[in-house]
Every structure is written in structure tokens, then in C-alpha cells.
Amino acid sequence: MSNIAVIGAGAFGTALAIYADKLGHKVKIWVFEKDLPEIVEKTGENVTYLPGFKINKTIKFSNNMPEVLTDADFCLIVCPSAFMRATANEVKKHLPEKTILISATKGIENNTLDLMSDILTEIFPERKDHMTFLSGPTFAKEIAMGLPADIACASKDIQAARKVQKALHSEKLRIYTSNDIIGVELGGSLKNVIAVACGACDELGLGLSARASLITRGLAEINRLAVSMGADPLTLSGLVGVGDLILTCTGDLSRNRTLGKKLAQGMKASEVIASQNAVAEGYVTALSVHNLAEKMKVEMPISEAVYQVCYNDADIKVEAMKLMQRDMKDEFNGIK
């Protein structure tokens, strides 16, 4: 069995720690919140981010990053995207040379428009070919419950991805390997914005047909941007594209879908975000996607509507109507 360091004790980081512990790995998890290790010790749960799930004493919660990273075979970074750069810089000070770096963070850095892989390559240039990236249709609570799920692991070095696969694959969580880092990252990031739109659609009572259209046309937007940045379009037809998009747009456990529903109820995005412990990445990513689409000259009308509602307090019903009043188009390019 392996030594696994989890960096970040949010819902998904905690769920992955619980899962890895059940596989028999030795798991330590680094916690940003100073009081959380003591709370977990006393209650046996991460009551802040994943209440209701027992955490075995074999899982060590700690504020001491060097201690967590000591002898780690795998370092799994699961922090909000806005904190990836600061967190990775701290990890670099203590990461053993042999440790395989895994990112399960979904998002795009707002001020630079960097993907998480860009940030990690900048900070760990010597590891750029061997870093791995996890993404796919998974909810933290279901992983913690031991319900079945599939996920993708991408790396430039397919052997590194297969080492992660070998360590974490089971009948409860099937891991498929890939060498398309850009596709895996963008699929996992951009679907959160579309999920906000789908939550609003459901709350406004626009119907299941409208939701299906948003998912389908949302996938077209994701594909356009991802391919323009070098992704393989086939990747987006798999777990990190279609799979993650369906889950996040329809599942009641989705924070992004919940954000959309609250926006449709008349709340402002800033109010919703301020009221939550956990980050709805769709809110953060909407700004990045707006800027990235402009930079790459890619048309993304659904994502743009979410951006306008979240950052400019646009009327959500007006934005929905604008989408329906767009010019007629062919569904696919290349029609003669």
C-alpha cells in the first residue's frame, strides 16, 4: 500500500481521503483551517465540509505540511482553484523528489487565465511531464459513501497516470487513463458554468427540454474552447465532458446547479457565494471563461449569460430570452 498526502480538507479532499483509507493506504491530509484537526479528532467527522461521514483514526488531519508530505508516494492537491498557486508554492518546499503529483482541482486562474496544469508546470518545471490530473463525474458525498463512479486521470507520461490508476482504482471507483491534460482540465472546469445555467433553467420552470438543450449546446461551447486550446474533441465525449456535464447539471448535490437556482430566485451571486462554506467553482470560472473566450475568439453564449448574471447583475430572465432570440444557425460547422 502507498503513503498518500491529501492537500486540502474540503468535501472532495476529505472524501478521497476516506476512499483511499478504505483501500488500505496510509493517508494524511493537510488542513488550512487551524481548528479543524482538533474538531475531527473530537467528533470523528469533518463537520465543516463533509458532515455525517465517519473519519477513521487511521487518517491523520494536520496543519503541518512537512509532516503530511513526509514519505508521500502520491500528493493529491484538492484546493479551490483560486488558492492553487499559493498552495502549490508551499507544497514545493516540502515535496519529496519521488512523489507523484496529482491535481484534482477544477478551475481556471482568473488573473492569468492559466489552467491548473499551467500553474503547476510553472512551479514544478522539473515534474511537468509526470504530473497527473483527475477529473470526472463524481460527487464528494457519493465517493465517501462508497457508491460506484468513474473518473479520468491524465498525464503527459501515461505511465505516471497508470501508477495513479493502479493505486486508486477499485470496483467502487474505476479510473481511466488519458494523455489529454487540456481536455480533462477544461471539461472539469467549464461544465460548472453550464451547471449554473441549468440550475436557473430548472428553477424558472423552463422544462426538461430546455435543460437538455442547455446541456447539449453547453457541450458544444466547451468543445469549441477546448479544441481551440489544443484538446482532443474525443476527450469531451467521455467522462470529463459528457459525463461530468450531465452529473453537475442534473444532480441535486451540485453546488453550481444550486447557485443557478438561487440566482433564479432573485438572489445576487455575491450574496450566494458569501453564504457558503464551500466554493461554487462555476461562479469563479464564469469570469475566467468570459475573458478566455474573448482572448481565443470563441463564441460561448450560455457561458456569457452566466457571466453577465453573476458579475453584472443582469436580469436572468432577459438573458434566457436573449439565448432563445439568437440568429438561426447550422448545428455543426462544415455544412455545404
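The following dialogue concerns a predicted model and the reasons for the terms applied to it.

Student: What makes strand 3 and strand 8 the edge strands of the sheet?

Tutor: The sheet is open, with eight strands in the order 3-2-1-4-5-6-7-8 and mixed pairing. Strand 3 (60-62) and strand 8 (173-178) each pair on one side only, and they are therefore the edge strands, given that pairing requires at least two bridges. From one strand to the next, the twist averages 25 degrees.

Student: How do you know that strand 1 pairs with strand 4?

Tutor: At least two bridges are needed for a pair, and strand 1 (residues 3-7) is joined to strand 4 (residues 74-77) by four bridges, so the two strands pair. Strand 1 and strand 4 run parallel. Within this pairing, Ile4 stands opposite Phe74, and Ala5 has Cys75 as its bridge partner.

Student: How do you know that strand 1 pairs with strand 2?

Tutor: Five bridges join strand 1 to strand 2 (residues 26-30), and the threshold is at least two, so these strands pair as well. They too run parallel, and Val6 of strand 1 has Ile29 of strand 2 as its bridge partner. Between these two strands the chain passes through helix 1 (residues 11-22), in a β-α-β crossover that is right-handed.

Student: Why is strand 1 described as largely enclosed by the rest of the structure?

Tutor: The description follows because four of the five residues of strand 1 are buried.

Student: How do you know that the structure holds zero disulfides, taking Cys249 as an example?

Tutor: A disulfide requires two cysteine sulfur atoms within 2.5 Å. The closest cysteine sulfur to that of Cys249 belongs to Cys198 and lies 3.6 Å away, which is too far for a bond. Cys153 is likewise in no disulfide, as the nearest cysteine sulfur, that of Cys75, is 14 Å away. The total for the structure is zero disulfides.

Student: Why are Cys153 and Cys249 called buried?

Tutor: The term applies under 20% relative accessible area. Cys153 has a value of 0%, so it is buried. Cys249 also has a value of 0%, and therefore it is buried. In helix 10 (residues 239-250), the buried residues include Asp244, Leu245 and Cys249. The buried residues of helix 10 pack against strand 6, strand 7, helix 8, helix 9 (208-228) and helix 11 (255-264).

Student: What makes the pair of Trp30 and Phe32 edge-to-face?

Tutor: The ring centres are 6.5 Å apart, and the planes stand at 65 degrees to each other. An angle over 60 degrees counts as edge-to-face, so the pair of Trp30 and Phe32 receives that name. The two residues differ in their exposure: Trp30 has 14% relative accessibility and therefore counts as buried, whereas Phe32 has 63% and so counts as exposed, the limit being over 50%.

Student: Why is the pair of Tyr283 and Tyr311 called stacked?

Tutor: The planes of Tyr283 and Tyr311 are 15 degrees apart, and planes under 30 degrees apart count as stacked, so the term applies. The centres are 4.8 Å apart, which lies within the limit of 6.5 Å for a pair. This pair links distant parts of the chain, since Tyr283 is in helix 13 (residues 281-296) and Tyr311 is in helix 14 (residues 301-312), 28 residues apart. Ring pairs also bring in Tyr307, so that Tyr283, Tyr307 and Tyr311 form a cluster.

Student: Why does Tyr311 count as partly exposed, whereas Tyr283 is buried?

Tutor: Tyr283 has a relative accessible area of 17%, which is under 20%, and it is therefore buried. Tyr311 has a relative accessibility of 25%, which lies between 20% and 50%, so it counts as partly exposed.

Student: How do you know that Ala305 is buried?

Tutor: Ala305, found in helix 14, has a relative accessible area of 9%; this is under 20%, so Ala305 is buried. Leaving aside neighbours within four places in sequence, Ala305 is in contact with Glu319 and Leu323. Ala305 and Ala286 are 19 residues apart in sequence, and their C-alpha atoms are 9.3 Å apart in space.

Terms used. Residues numbered from 1 in each chain as written. Predicted model: local features only at pLDDT ≥ 70, side-chain atom pairs only at ≥ 80, totals over all residues. Heavy atoms only, no water. Axes fitted to C-alpha atoms, helices over the stretch in contact; angles between N-to-C directions. Buried < 20%, exposed > 50% of the residue type's maximum accessible area, 1.4 Å probe, protein only. Right-handed = clockwise from strand over helix to strand, strands pointing away. Phe/Tyr/Trp six-rings, centres within 6.5 Å; stacked < 30°, edge-to-face > 60°. Contact = heavy atoms within 4.5 Å.
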